[in-house]
Every structure is written in C-alpha cells, then in structure tokens.
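Work through the exercises below with the sequence and the model open side by side. Try each task before you read its solution.

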Amino acid sequence: MGASLLLPLRRRPWTCRTCLLQARRSLETAASPATHRTAFDYLPSKNDAQKKSDDDTLRRVFDSQPFWREFSQRSAAHLKPTGLVQNQYLTSPDGFRVFATTTLQKCQAIVAKVLAGTTLEDYQSMARDLDRLSDLLCRVIDLSDFIRVIHPDPRVQEAATQAYALMFEYMNVLNTTTGLNDQLKKAAANPEVTARWSDEEKIVAQILIKDFSNSAIHMPPHARQRFVNLSNDISQLGNTFVNAAEPAKSHVTVSANSLRGLDPILVQQIKRWNRTASVPSMGLIPRLALRSVHDEGVRREVYLATRTSSARQIQRLEQLLAKRAELAQLSGYDSFAHMTLSDKMAKSPEAVSNFLTSLVGSNRPYVQEELAQLQRMKGSAGRLQPWDHAYYVHQRVLQYSQSRRSRELSAVPEFFSLGTVMQGLSRLFDRLYGVRLVPQETAAGETWNSDVRRLDVVDEADRHIAVIYCDLFSRPNKHPNPAHYTLRCAREISAEEVAECATTMDASAHPNDGMATAVDRDAKTLRQLPTIALVCDFPEPPATGTGRPSLLSEHSVRTLFHEMGHALHSILGQTRLQSISGTRCATDFAELPSVLMERFATAPEVLALYARHWETNAPLSESMMQHMEKDRTAHGSIYGAMENESQILMALVDQAYHSLPAGQATSIDSTAVFHQVSAEHCTLPDPTDTKPPTSWQGFFGHLHGYGATYYSYIFDRAIANKLWEDVFQQGKAAVDRQAGERYKNEVLRWGGGRNGWNCVAGVLGSAHPANADGRLVEGGDEAMREVGRWGLGRDGVSE
C-alpha cells in the first residue's frame, strides 16, 4: 500500500458519502532491525494497548468456541443486518437476480458510452471505462461463483448460479462486440490519448486488447464461429478428460499371500474366496501397495496398471491437443504453447524449455545421490526399477523414524493451534509490512456460515485496507481443498461513480455495493478494498471450550501460510485499476508470493514470533526447532530431488504436447511423446517394452487446466528460493522491516502492473550477479535459463 493514504475506518462496515470529506493521518512506517530470538513476548510497535488486545483476541476467536460465540454476538445490538460479505443486494436468494440485473444495466451504459465515443476526452477515458466494465463483470462472476460452491443453502446456490450464468452470457456477447475492440485500438494508437494515460492505463489497455484478440473478435464471421466451436469442444473434452480418467485395467489379480507388507485389514478387504486378491488400479490402495508390498513382481504389476490409461482416455487427450493446435493456428500462432505463453514471463515454449532443461541439470546430482542410497538398500536383488522407488523410500523413512527421529516432534502440533498460527501471520505482517489482522464482528447475514470469522486488515495508522473472511473449519459437504478467493479486487472509484449513487432514486445505493471502502485523500476518491475468502478444512475446536483447540501439523501450517501469501498479494497490490490488482498478474508469476510465504512458516525467526503451547503458552524450544529442521532436511534428502524431477518431467511433457503445430498435432501419438521425453530427462523412466506401453499422461488432469503453463509453479518456486536466500538471507532477515519493504515495493505493491522480470530484477538489485548486464530485466531465453540454474532445493516436510 506504500503510497496510498487511506482513511481510518476500523470497526466501520463501509464508508458513506460524507466520509469523503473527513481528514485522516498520513502513513508512517518505522524500520525495525532484524532479530533472532528463540521467543519473546509480543510487543506491538508504539506499545499500543489496543493492538495488544487485538492480538490476544485474534488467537482466542480461532481457538475458543465459547469466546467466538460471545465475540460474534456482540454485533447483534449495534450492527444492522446486511447481505453476504456486506453486499447490499445479497440479503436473500432473490438478491442475486437484482445484483446481476443492476450490474448489467451499469455495464450496458458503459458499453454504449465507449461505442459512442468520438472526442479526445472520450478516448482518454476509454481504458478506465473498460477497466470499470471488467470490474463490474467480476463483481458478479467472482462472488457468485464462490457463493454457489460454498453456501449450504440450495436456494442460494441456485440463485448464485443463475446470476453467474447471466453475466457470463453477457460477457460472451461483449466478446463479439467488435466496436469495443475497434474503439480501444483507436485510443491506444492515438499519441494524444496515450500521452494522457498513466502507466497503469497503458498496461490495462494492452491487456484488454490481448483479451479481445484471444476471443477471436478480429476474425471474419466464419473464422470466429470456428473459433467459438473449437473453444466449446476444448472445454467439453477437457472436462471429460479430467473427470473420466480411467486405467486400461480396473484391477490387478494376485495371490493374497503375495501382498505381505500391506496392511492385513486392507488385504482382507480386497481378498477373494479363492485366495486371490484384486488390487484396484486407482485410489489409495495401489499407492499403499507400491510402498509396502515386499514382492517386487506384484509391485511391478500394480505400478504398470496404475500408469496405463484406457485407450478412450488417450483418444480424448489427443483430440484435445489437436483442437488446441487448430485454435492456435486459427489465431495466427505456431502452436498452442506459443499462443498461451505470449503474455507470460516466459514468452515462448523455447524459453520454457531452456528453464526446464537447466533445472534438470541443477537437480540431477541430488537425484543420483538419492537413487544411489536406494540402490544400496536393494543390494544384489537387481537394478533399481521405477516400481521400487516408493517401496524403498518408505523403508528409508521408516528407518530414519525409528533410529533418528526425535520424540519431541510428535509434540510439535501442540505449539501450532490455529489461533497461534493466525496470530503469527499477523505479527509477521506487522513486522515486515506494517499491516496486521484484526478480528471484526459481523452483522447478521454477512457470512454464509456461523463459523466464518472476519478479519479486517489495518495499517500502522489504523487505516482499514482489506477484509478477509476465514472459513477454516471442516463441516459436512464442504469441499476439503484449501483455497484463496478474491471476491472483490482493489480499485479506485471515480468521482463520477460516487455522483451516480448520489443522484440515484435509491438512497441506499453505494458505489461498491455496500462492500468495504476507504478514502484516498490525495486523489480525493473512494477506493474499493480487496475482499478475500480463505477456505481450509481444519478440525473444529470443542464447542465447550474445554480440551484441545484445532492443532495443525507442519504441513497444514505451511498450507495456511501459502494461501495467506495469495491474500497478501491482494492486500498490498492495490492498484488504481482492478485489471492489474493483486493476483491479477501473469500466470507464471502469480504463485511467487504464496510459495515464498511457505518459507516463513517454519523459519526459527518466525517461529519465535508465534509458536506457543496451546495450554501452557510455553514457546517452542530451540531444540524442537532444530529437530524440525533436521527432520525436514532428512526427508528432503530421501525423496526431495526425485519429487522435483517428477514435476519437471510433467512440465516438459506439457510443453512437448502443446508446442506441436496443427499439422503434427492431428496425428500425435501422445504415448510415444511421453516415453521420448522420459527417456531424455527421467532418471528412472518407465519400461518401453510392456504391452501395452504405459501411458501415464492419461491421468495428468492438469494438461487441461494448465495447458502449456504447468511449469509455472516450479518456476515461481525457483524464484522464491532465490529471494529467500538473497533478500531474506535464508531466514536471518525473515522479520526484518527493511527486507519486507524491499520485497513489498519491488514485487507485491505492483500487482500485475509491472513486468515480472522487472520485479525480480528490482528486488534482487542491479548489482546482483544474476542480473549482470541487465539479463533479468530483459527476460527471454537467457533469463529463463538463469532461473533454472537457481534450482529448487530439496523440500521435505516433517511427518
């Protein structure tokens, strides 16, 4: 939020029009030196009693159900009922219809204005007008899409689905409104217009022009119709490919006696009357069999069955690849990868290949080290095979656990109650960025479940800068996967929009639909604040308040830090235009803040901030921290490099499939390509002489959702490792304000408003060896190769 000066709005549900005239204090941040202490009493800056009270409350609202009930009921007396996430329309299921139709009318007015534009002033406002149009669409689509998945009431789910469908249909209409594209291009080509545009407006204009191009708006009618048909076919094929994955053989029949090592209870479940057992080819049982069955012949059979897809699943994939290649050719690109990567940091499939092959080289010595250890375990029984890997890794982990693993580690979750972890996140953000998390009472109707906690994000001057709704506890029919959702992006609300509300017949009209806002005094405008939802599936604490609260494993702590990393990007990346706000950046840059946040979770300097025993409040000891670190290192040395190689291989396969031109893609043999890539880059490849050959690509569902971009996660992980090493000094500067400000100012605050390479080069500094001769700023092949040389490390997680 660096330069933005926002009105203090703590404990206010939203900003009324009169707040536009209120004064507020300027933003001041104080640098704090890096410290490395085993534990300390948390003393907020300025030693403010209110901040200390907020910090204590934060822990209690997540750890004590009685306290939470009392806290959440305080609002009944003084807060008026409101709609979901404070949206003034969403007080009932029918409110979604009103929300969508009202928004649709605003959209239509903007479209009419843009299409009718003729004056210089009209064209100067065009980028901002179209950004507002995008924001209005996202207001309905993002919120409705979230509510229809998370809300327990079927009536609300259906209403949200209908609102989503209405706006999505209108968005498809806009994709065929050629006048919008023509007008924006005319504005972008006029020097008198662009001279008045801010850098953000120029970036947003280019993004929107690219979006129009991706929707085939520039094509003649017959080509556009083919584009639409191909897009629909790809969507349907992709969904079927993901949801209908199936093996060539549904099960493997073996002698029940040959399953020694597998849990006897599981053996009884799959045992038949004739002393055979039917091991399924999908699910948990075959994974357990591969890591525990002693008979290598059985492991081989199970492994090959789990790696061989049905012929019709492979046919679906090859049809998907062919149609994507045709779509790219129709759009004027050499391949689908060229089309997809043109607006990413990588820019081209050749650059991605440079990155991945460089990464293979930096990872290979560690892979060879791991496999040599496993080969020694197998000994004279023969050469290590792919179906041996899970088995001997499991044996090594068991050996380590029995001989070296500290008994102290079993007590680690007792220092990670959900409340203490949330407290730790707030304290970390306060140290690094001068922002913190404050529990806020919710009004009736504001949340979709009574267990949802609302946190307001405030800065050091107590200015309200974001809202986070935390839905972190498990309940029946709730999706278990952790996720971050941006329900409303940050954006500057213009004076014209405020005036629209002032002149409407509806006295309750609000320029942000009643959702959180704050005033930017310098610009004399209202800002819509980011509204975020975090969803996890942690066990609920006892209703009585007695007994243990929700205790998290190390893995769960890292997951929570990861998702909060996405939220942090939205919180601090508050641009004037929503199209580049927060996480709205290049796909291959979006995971950097979340992956980097994982490194903070278990750094000793950060653990000292928050890891406290749930009952005694005793800090996690230095000894326990060291044991955690040794345990992670041990696990990483057993399997970390091979897991890296697996991810690299998947990214290489993804690139190989999507880099084919249309002529070759129509006759692709995806299995042959898979084995070719494996033979070249995999240290322990599948055998090539089996009948039929293995075809694991049929189970690679991410080929649909991440077509040509699967490399993104490991790309961001390599960058995150470098920033952790050089900016945060491998944890020594993990709570240092200077390091935090450097990262915030060079990376987070830009959202998608700055080229990712400029962000990386900026945070590392021009004198950094990796940025010699401006290599990183330029991006391209050599920059991608350089990131590959940084490597991924060997990441293990304590069990």
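**Exercise 1: Thr103 and its helix**

Thr103 is buried, because its relative accessible area is 3%; buried means under 20% relative accessible area, exposed over 50% and partly exposed in between, with a 1.4 Å probe and protein chains only. This is a predicted model: local features need pLDDT of at least 70, side-chain atom pairs count only at pLDDT 80 or more, and totals for chains, interfaces and linings use all residues. Residues are numbered from 1 along each chain as its sequence is written, and side-chain values use heavy atoms, with hydrogens and water left out.

Task: Place Thr103 in its helix, find its contacts, and check the span of that helix.

Solution.
- Step 1. Thr103 sits in helix 4, residues 94–116. Helices (H or I, at least four residues) and strands (E, at least two) are DSSP runs, numbered from the N terminus.
- Step 2. Set aside the neighbours within four places in sequence. Thr103 then contacts Leu136, Val140 and Met167. Contact means heavy atoms within 4.5 Å.
- Step 3. The expected span of a helix is 1.5 Å times one less than its number of residues. Helix 4 has 23 residues, so 33 Å is expected; its end C-alpha atoms are 34 Å apart, which agrees.
- Step 4. Thr103 has buried company in helix 4, including Phe96, Phe99, Leu104, Cys107 and Ile110.
- Step 5. The cover over the buried residues of helix 4 includes helix 6 (126–150), helix 7 (154–174), helix 8 (178–188) and strand 6 (483–488).

**Exercise 2: Two more helices**

Task: Compare expected and actual spans for helix 11 and helix 26, then list what covers their buried residues.

Solution.
- Step 1. Helix 11 covers residues 221–243. Its 23 residues should span 33 Å at 1.5 Å a residue, and its end C-alpha atoms are 33 Å apart, so the values agree.
- Step 2. The buried residues of helix 11 are Ala223, Arg224, Phe227, Leu230, Ile234, Leu237, Gly238 and Phe241.
- Step 3. Among the elements covering them are helix 8, helix 10 (199–214), helix 15 and helix 27.
- Step 4. Helix 26 (670–681) has twelve residues. From first C-alpha to last it reaches 17 Å, close to the 16 Å expected.
- Step 5. Buried in helix 26 are Ser670, Thr671, Val673, Phe674, His675, Val677, Ser678 and His681.
- Step 6. Their cover includes helix 15 (311–330), helix 17 (349–378) and helix 24 (622–658).

**Exercise 3: A helix crossing**

Task: How do helix 13 and helix 18 cross, and which residues make the contact?

Solution.
- Step 1. Two packed helices are described by the angle between their axes and the distance between the axes.
- Step 2. The axes of helix 13 (284–292) and helix 18 (389–403) come within 6 Å and cross at roughly 65 degrees. Axes are lines fitted to C-alpha atoms, for helices over the stretch in contact, and angles run from 0 to 180 degrees between N-to-C directions.
- Step 3. Helix 13 and helix 18 are therefore roughly perpendicular. Angles under 35 degrees count as roughly parallel, over 145 as roughly antiparallel, 65 to 115 as roughly perpendicular and the rest as oblique.
- Step 4. Helix 13 contributes Leu290, Arg291 and Ser292, and helix 18 contributes Ala390, Tyr391, His394 and Gln395.
- Step 5. These residues divide into three nonpolar, three polar and one charged. Ala, Val, Leu, Ile, Met, Phe, Trp, Tyr, Cys and Pro count as nonpolar, Asp, Glu, Lys and Arg as charged, and the others, Gly among them, as polar.

**Exercise 4: Backbone exceptions**

Task: Where do Asp513, Gln729 and Pro692 lie? Give the backbone feature of each.

Solution.
- Step 1. Asp513 has a positive phi of about 60 degrees, although it is not a glycine. Asp513 lies in the loop between helix 20 (495–503) and strand 8 (517–520). Asp513 counts as buried because its relative accessibility is 1%.
- Step 2. Gln729 also is not a glycine, and its phi is positive, near 50 degrees. Its loop runs between helix 28 (712–726) and helix 29 (737–746). Gln729 counts as partly exposed, at 44% relative accessibility.
- Step 3. Lys691 and Pro692 are joined by a cis peptide bond, with omega about -5 degrees. Pro692 is in the loop between helix 26 and helix 27 (702–705).

**Exercise 5: Cysteines**

Task: How many disulfides does the structure hold?

Solution.
- Step 1. The structure holds zero disulfides. A disulfide is a pair of cysteine sulfur atoms within 2.5 Å.
- Step 2. For Cys470, the nearest cysteine sulfur belongs to Cys536, 8.7 Å away.
- Step 3. Cys470 counts as buried, at 1% relative accessibility.
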